[in-house]
Structures are given as C-alpha cells and as structure tokens.
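Here are my notes on the model, as numbered points. Please read them with the structure open.

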Amino acid sequence: MDLSPKEQVMKIINDVSQKFRDSLRGNLDSQNTELIGGARINFTFNSHFTNFINNIDPLTAINDDQIRAMLYNSSGSSSVILFSHSAFEQLAKLSIQMLKPHSIKLVSIVFGELVRITNTIITSNSVMRFPALNEMISTSLIKLFKEHSEQTHKLVEAFLDWNVSYISTKHPDFIKWNEVLTKELELQNYETTKSEKIDFYKDMERKLTLESIPNILKIKGKMSYQESVEIGIIKSMVVSYFEIIKKIVIDQVPKAIMYGLVFKSSDKIQERLFLDIYDKKDLELIIVESSEISEKRNKLHTTLKALKQAYDLVCSL
C-alpha cells in the first residue's frame, strides 16, 4: 500500500531516530572489523582521550628558574622560612590549565562522531531515495548537535575553570607534608651543600657607590640547599595535585559530554525532525525520488511486467 507524503515522512523520521539510538547503544548488525557508532565514542573517551591526558607532564611549562623566581615573588617583602602557599597555588593552576584545551577539543571530536553516525544513517536506501528529505534531515540534525555542542563546550570550560580557581589541598589523595619532606631530604642525601651567595649583580661592573637596582632583576648564582629542597617539595606537590585533577578530568569530562551533547541530542532528534520537516506544507515536493532511483524503479517495473507476461504465456501452453 502506497503511503501518503506525511506517512512516508513520519516513517522515515521514526526510522532515523531509532537507528541513531541503536547506533549509540551498539544494537547494530555489523560484520565490519572496524569500530562504528557508539563504540567509536567509547574508544575516544577511554583510550584516545585518557591516554593523551595521562601522558601530560605538569612540569613541562615550568622550569626551576621560574619556580625559584616565583618563590621569591610570592614572599613579597618578607623573608619567609618556607615558601608561601600562593607559590604552590600559582604553579598548580598553571598545570591544571594545560588540561583545558584538550578537554574542550574532546567536545568537538564527539560532535564529529555524531555527524558521522548521522551520515551513515541518511545514506541508507530508505532515505537516499529522497535527496531533498536527506538534505533536510542532515541540516536539521547538525544544527541540533551544534546547539548542544556549544552548551557542552561552556559546561566543560566551566568545569575546568572551577578546578583552576580553587585549589583544595585537603583532598585525601594529596601528598602528605611529612612524605614530601622525607622524599626530598632523601633526594638531597641529607648533604648540606655550600653554594654561592645569591648575587643579583653577578657579572656587572663593581661600583664604589650604591646605585639604583636594574630595571630587569633576575636571580643569579647557584641555588642554596634550602632553595633546592623547597623547589623539590613544591614540584612534588604540584605533580601530586595534578594527578588528582587529571583523574577527575578523565572521569568527569566524558560524563559531561555524554550528558550535555550525546544523550540530549539523541533524546531530541525525533522532536526536532518533526518540528523542522513534518509540519511543512510542501511535503509533496520533499518526498520526490531522485531521477536515478525513479529510472531504476521504471526499469524494474518493465522487467517485472515482461516476466509476468512470459509466465502467463508459459502457463497457457
């Protein structure tokens, strides 16, 4: 029985929506050796993204000289016995910010996977028959994905900003003070090494009168034993805190993307297609087969008619 344009569009919309959900859930009858649908998204989260984040070195962007200067600057005009908490916070925030661009990029990667799933579905025979409808479905769904992608982008960005803005050293997995101190002292072999006195004016011509300090002032000379210990301690603390946030990011960012982009998009596909396509007045123009499909149909009809005539002729003998 021939379906009316509205019935045909409704059938295709329901079919596309169901196939999209099936693709995400893995309800596919595929003999391919390659990953498809939701399995690609799962791989993206648990292998591609996880391995990349695990290989990030939190100390890549900072060196000992930068830490040394930061320790002095964070003390201000005071001569502190041990480095201030603000020095650790600054370095911890720098390391966490390294995770932000990659987490945001993950949203774009998953967006691309949703588009890939859509393209696979609309290139099936049931939809390819109608080029105009095919194009409308593709445009409608990509627009839907973009809307949720932008929202998820903001969510992931905010999530990283939360972790950068507030550094909590009360986390149970954060390295304990006695552990880091013992570790660093062992590393230094308990040897008090004599070093050159810090000289901001090293290599400058000696003057007999006191002059103004240079416009650009940098620490020169070998590090003292205390400086070496402090830098070692603060680096251990930064690495420890980074490991905590890294695990949170690996766990929470994919969840945010699944909720904000994948699941929300999947739940809205049928509704969006009905709003964008089903209620249009010119459905007759949308449900028009391509000339190639129409030509094949006519040839098959002619062949079928000829076979029927031949069959009737044989039966009459």
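How many residues does helix α1 have, and what does it reach from its first C-alpha to its last? Helix α1 covers residues 5-25, which is 21 residues, and it reaches 30 Å. That is close to the 30 Å expected at 1.5 Å a residue. The model is predicted, so please read each point below with that in mind.

1. **Overall make-up.** The chain has 11 helices and zero strands. Read along the sequence, the pattern is α-α-α-α-α-α-α-α-α-α-α. Of the 317 residues in the chain, 36% are buried. The chain exposes about 20,200 Å², and carbon and sulfur atoms supply 55% of that area.

2. **Contact range.** Take the contacts between residues at least 6 apart in sequence. Of these, 87% join residues at least 24 apart. Several of the pairs below illustrate long separations, among them V127 and I12, 115 residues apart along the chain.

3. **Helix α1.** The buried residues in α1 are Q8, V9, I12, I13, V16, S17, F20, R21, D22 and S23. That list holds polar and charged residues, including Q8, R21 and D22. After the helix comes G26, with a positive phi near 90°.

4. **Nonpolar core.** The largest nonpolar core has 71 residues. Within it, F88, I137, V253 and I257 touch the most other members. At least two residues each come from α1, α2 (38-54), α3 (64-75), α4 (85-97), α5, α7, α9 and α10 (283-286). Helix α9 gives the largest share, 22 residues. In soluble globular proteins, nonpolar side chains tend to be buried together.

5. **F88.** Which residues does F88 contact, leaving aside its neighbours within four places in sequence? They are I167, T169, F174, I234, M237, V238 and Y241.

6. **V127.** This residue sits in helix α6 (residues 125-128). V127 counts as buried because its relative accessibility is 1%. Its C-alpha lies 7.0 Å from that of I12. Beyond its neighbours within four places in sequence, V127 is in contact with I12, V16, I121, I122, N134 and I137. Two of these partners, I12 and V16, are among the buried residues of α1. Another, I137, is one of the four core residues that touch the most other members.

7. **S140.** Is S140 buried or exposed? S140 is buried, at a relative accessible area of 5%. It is found in helix α7 (residues 131-165). Not counting residues up to four places away in sequence, S140 touches R272, L273 and D276.

8. **Salt bridges between helices.** The count of salt bridges comes to 10. One of them joins R272 and E147, at 2.8 Å from N to O. The pair links distant parts of the chain: R272 is in helix α9 (residues 225-278), E147 is in helix α7, and they are 125 residues apart. R272 counts as buried, since its relative accessibility is 17% and the cut-off is under 20%. E147 is partly exposed at 28%. Note that R272 also touches S140.

9. **K100 and E157.** This salt bridge has its closest N and O atoms 3.9 Å apart. The rule allows N to O pairs within 4 Å. Here too the pair links distant parts of the chain: K100 is in helix α5 (residues 100-122) and E157 in helix α7, 57 residues apart. Both residues are partly exposed: K100 has a relative accessible area of 22%, and E157 has 28%.

10. **K246 and E243.** What separates K246 and E243 in helix α9? They are three residues apart, which means about one helical turn. Their salt bridge has its closest N and O atoms 3.0 Å apart. K246 is buried, with a relative accessible area of 5%, whereas E243 is partly exposed at 28%.

11. **A network.** Which residues are linked in a network of salt bridges? They are R40, E113 and R116.

How values were computed
Residues numbered from 1 in each chain as written. Predicted model: local features only at pLDDT ≥ 70, side-chain atom pairs only at ≥ 80, totals over all residues. Heavy atoms only, no water. Helix = DSSP H or I, 4+ residues; strand = E, 2+ residues; numbered from the N terminus. Expected span 1.5 Å × (residues − 1). Buried < 20%, exposed > 50% of the residue type's maximum accessible area, 1.4 Å probe, protein only. Contact = heavy atoms within 4.5 Å. Salt bridge = Lys/Arg side-chain N within 4 Å of Asp/Glu carboxyl O. Areas by Shrake-Rupley, 256 points an atom, 1.4 Å probe, with all protein chains shown as cover. Core = buried A, V, L, I, M, F, W, Y, C linked by side-chain atoms within 4.5 Å.
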